[in-house]
Amino acid sequence: MNSQEWVKVWDLPLRVFHWLLAAAFFAAYLTEDDFLTLHVWAGHLVFGLLIFRLVWGFIGNEYARFSNFLCSPGQSISYLKDMLALKSRRYLGHNPAGAAMIVLLLVSLLLTVISGFAVYGAAGSRPSGRNHRLQP
């Protein structure tokens, strides 16, 4: 008997997170100099989404939880070797290589946001350039 069972892996909050994160990142990336206000708001949205994902990684559905997919670097490397040998096992949700990518992506986005906050905070105290105005 050939039956397929559908498994809902990504829940609605996680799907919304993914699309909002992509949109906010590209908005921030594309508006760095010319539309500083939009750039800053997009950066704040990325930060809020990262906080949401951190929380959702502990309270979300089975596949959203970090405990479901995070693994050691050795497991990720082993998976990549198996993948190159065309003998990797299949996973619902993220595989070990995907888990490593998620960690690197979340950390790099967090560092980008923190550096943006630092630069924006420093620029706010010392206005310069065409996009900064003195506050009364």
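Leu12, Trp19 and Leu30 are exposed on helix 1, on the other side from the buried residues of that helix. These statements describe a predicted model. The protein chain holds five helices and zero strands, and 24% of its 136 residues count as buried.

**Helix 1**
- Helix 1 covers residues 12-30 and therefore has 19 residues; its first and last C-alpha atoms are 27 Å apart, close to the 27 Å expected at 1.5 Å a residue.
- The buried residues of this helix are Leu14, Phe17, Leu21, Ala24 and Ala28.
- Seen down the axis of helix 1, these buried residues fall within an arc of 90°, so they line one face of the helix.
- Leu12, Trp19 and Leu30, by contrast, are exposed on the other side of helix 1.

**Helix 2 and a nonpolar surface patch**
- Ile51, Leu54, Val55, Phe58 and Ile59 make a nonpolar surface patch of about 490 Å².
- Val55, one of the residues in this patch, is placed in helix 2, which spans residues 36-59.
- The relative accessible area of Val55 is 43%; this value lies between the limits of 20% for buried and 50% for exposed, so Val55 is partly exposed.

**Helix 4 and the residue that follows**
- Helix 4 runs over residues 73-84 and includes Ser76.
- The 12 residues of helix 4 should span 16 Å at 1.5 Å a residue, and the 17 Å between its end C-alpha atoms agrees with this.
- Ser76 has a relative accessibility of 7%, which is under the 20% limit, so this residue counts as buried.
- When neighbours within four places in sequence are left aside, Ser76 is in contact with Cys71, Pro96, Ala97 and Ala100.
- Leu86, just after helix 4, takes a positive phi of about 60°.

**The chain as a whole**
- Read from the N terminus, the order of elements in the protein chain is α-α-α-α-α.
- Among contacts in the protein chain with a separation of 6 or more, 59% join residues that are 24 or more positions apart.
- The protein chain has an accessible surface of about 10,200 Å², and carbon and sulfur atoms account for 65% of that surface.

Notes:
Residues numbered from 1 in each chain as written. Predicted model: local features only at pLDDT ≥ 70, side-chain atom pairs only at ≥ 80, totals over all residues. Heavy atoms only, no water. Helix = DSSP H or I, 4+ residues; strand = E, 2+ residues; numbered from the N terminus. Buried < 20%, exposed > 50% of the residue type's maximum accessible area, 1.4 Å probe, protein only. Arc of directions from axis to C-beta. Patch = residues over 30% accessible without salt bridge, like charges linked within 9 Å, V, L, I, M, F, W, Y side chains within 5 Å. Areas by Shrake-Rupley, 256 points an atom, 1.4 Å probe, with all protein chains shown as cover. Salt bridge = Lys/Arg side-chain N within 4 Å of Asp/Glu carboxyl O. Contact = heavy atoms within 4.5 Å.
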